[in-house]
Amino acid sequence: MIKLQQVNKWYGEHHVLKEVDLDVARGEVVVVCGPSGSGKSTLIRTINRLEPIGKGKILVDGEDVHAKGTNINRLRQKIGFVFQQFNLFPHMSVLDNVMYAPINILKQPRAEATELARSLLERVGLADKVKAFPGNLSGGQQQRVAIARALALKPPVMLFDEPTSALDPEMVGEVLQVMKSLARDGMTMVCVTHEMGFAREVCDRVIFMDGGVILESATPEEFFSAPKTPRAQRFLADVI
Ligand code: ADP
Ligand code: MG
């Protein structure tokens with residue numbers, strides 16, 4: 001579903017992704033972890049072309065993400081993206097936030113978009129908040145709206161960049177719960193997160209990055225019981 005081949009990226013002179021290879025199968029859930037500045041955000045942002053790459057190739061569902069001829073809007077319909085800062089439209093109700101893309105991008109009829117948005121909000125446990133505005137919701141609720149909004153285009157792939165890092169601790173669980181249910185339903189997911197409980201319980205594979213390089217790629221069992229590199233051992237000692 002996702003394939004990165006020898007991906008390299010520079011910010012000016014700064015080489016931030018170095019020969020990154022990654023294959024994510026349909027339905028696979030991959031957790032990306034690693035110290036701050038290791039290139040995790042840059043990596044997942046290249047997958048939906050929020051960041052250009054310098055060298056290499058990225059395929060999503062068979063499409064060459066960074067090729068000149070690629071239709072970026074059609075590509076992004078295939079890839080839901082959830083940010084650390086929820087990025088909801090503050091002047092729109094929760095329901096309108098979720099309906100926005102189906103109506104404006106897919107040109108869905110309003111009634112159909114409403115029905116879909118309601119069912120997605122129910123799915124993330126916010127059926128009673130459809131009329132609320134983002135500013136009146138907790139961080140955990142806003143992030144669940146952001147997930148519903150990303151799901152509204154029915155993407156086969158979902159990317160998460162530290163979706164719980166901006167939340168108060170008591171709200172982390174409700175967001176992880178929604179992510180777990182997506183994983184169980186067979187969504188292909190790449191999640192940058194430091195929630196090692198989520199990684200252990202839910203993911204199929206852990207990627208550990210440091211200095212723009214994938215240092216380890218292992219099952220959670222392997223990674224948590226016997227990380228191969230001293231760098232990953234130190235990282236785990238710090239986060240767990
Ligand atoms: P992570 O998400 O693992 O913390 P990032 O992908 O955000 O790491 O950053 C990787 C490296 O690239 C860091 O050294 C960071 O300072 C640098 N970097 C990130 N974004 C930019 C940018 N827009 N311009 C210049 N350097 C950047
Ligand atoms: Mg980051």
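Biologist: How do you know that K40 makes a polar contact with ligand 1?

Modeller: In this predicted model, a polar side-chain atom of K40 lies 2.7 Å from an oxygen atom of ligand 1. A polar contact needs a pair of N or O atoms within 3.5 Å, so the K40 pair qualifies.

Biologist: What makes the pairs at S41 and G39 polar contacts with ligand 1?

Modeller: The cut-off is again 3.5 Å. For S41, a polar side-chain atom is 2.9 Å from an oxygen atom of the ligand. For G39, a polar backbone atom is 3.1 Å from an oxygen atom of the ligand. Both values fall within the limit, so both pairs count.

Biologist: Which residues surround ligand 1?

Modeller: Y11, H14, V16, P35, S36, G37, S38, G39, K40, S41 and T42 surround the ligand.

Biologist: Turning to the helices, why are α3 and α4 called oblique to each other?

Modeller: Helix α3, residues 94–104, packs with helix α4, residues 110–123, at an angle of about 125 degrees. Roughly perpendicular covers 65 to 115 degrees and roughly antiparallel begins over 145, so an angle of about 125 degrees is left as oblique. The axes of α3 and α4 are 9 Å apart, and their crossing is right-handed.

Biologist: Which residues make the contact between α3 and α4?

Modeller: From α3 come V94, L95, D96, V98, M99, P102 and I103. From α4 come R110, A113, T114, L116, A117, R118, L120 and L121. These residues divide into 11 nonpolar, 1 polar and 3 charged.

Biologist: Why are α5 and α6 called roughly parallel?

Modeller: The axes of α5 (residues 139–151) and α6 (residues 169–184) cross at roughly 20 degrees. Angles under 35 degrees count as roughly parallel, so this pair is given that name. The two axes come within 8 Å, and the crossing of α5 and α6 is right-handed.

Biologist: What makes up the contact between α5 and α6?

Modeller: On α5 the residues are G139, G140, Q141, Q143, R144, I147 and L151. On α6 they are M171, E174, V175, V178, M179 and L182. They divide into 7 nonpolar, 4 polar and 2 charged.

Biologist: Where is A132 found, and which residues does A132 touch?

Modeller: A132 is in the loop between α4 and α5. Not counting residues up to four places away in sequence, A132 touches S93, V94 and L137. The C-alpha atoms of A132 and D96 are separated by 10.0 Å, and the two residues are 36 apart along the chain.

How values were computed. Residues numbered from 1 in each chain as written. Chains lettered and ligands numbered in written order. Predicted model: local features only at pLDDT ≥ 70, side-chain atom pairs only at ≥ 80, totals over all residues. Heavy atoms only, no water. Axes fitted to C-alpha atoms, helices over the stretch in contact; angles between N-to-C directions. Helix = DSSP H or I, 4+ residues; strand = E, 2+ residues; numbered from the N terminus. Left-handed = near helix turned anticlockwise from the far one by under 90°. Contact = heavy atoms within 4.5 Å. Nonpolar A, V, L, I, M, F, W, Y, C, P; charged D, E, K, R; others polar. Near = heavy atom within 4 Å. Polar contact = N/O pair within 3.5 Å; in protein donor to acceptor, adjacent residues only side chain to side chain.
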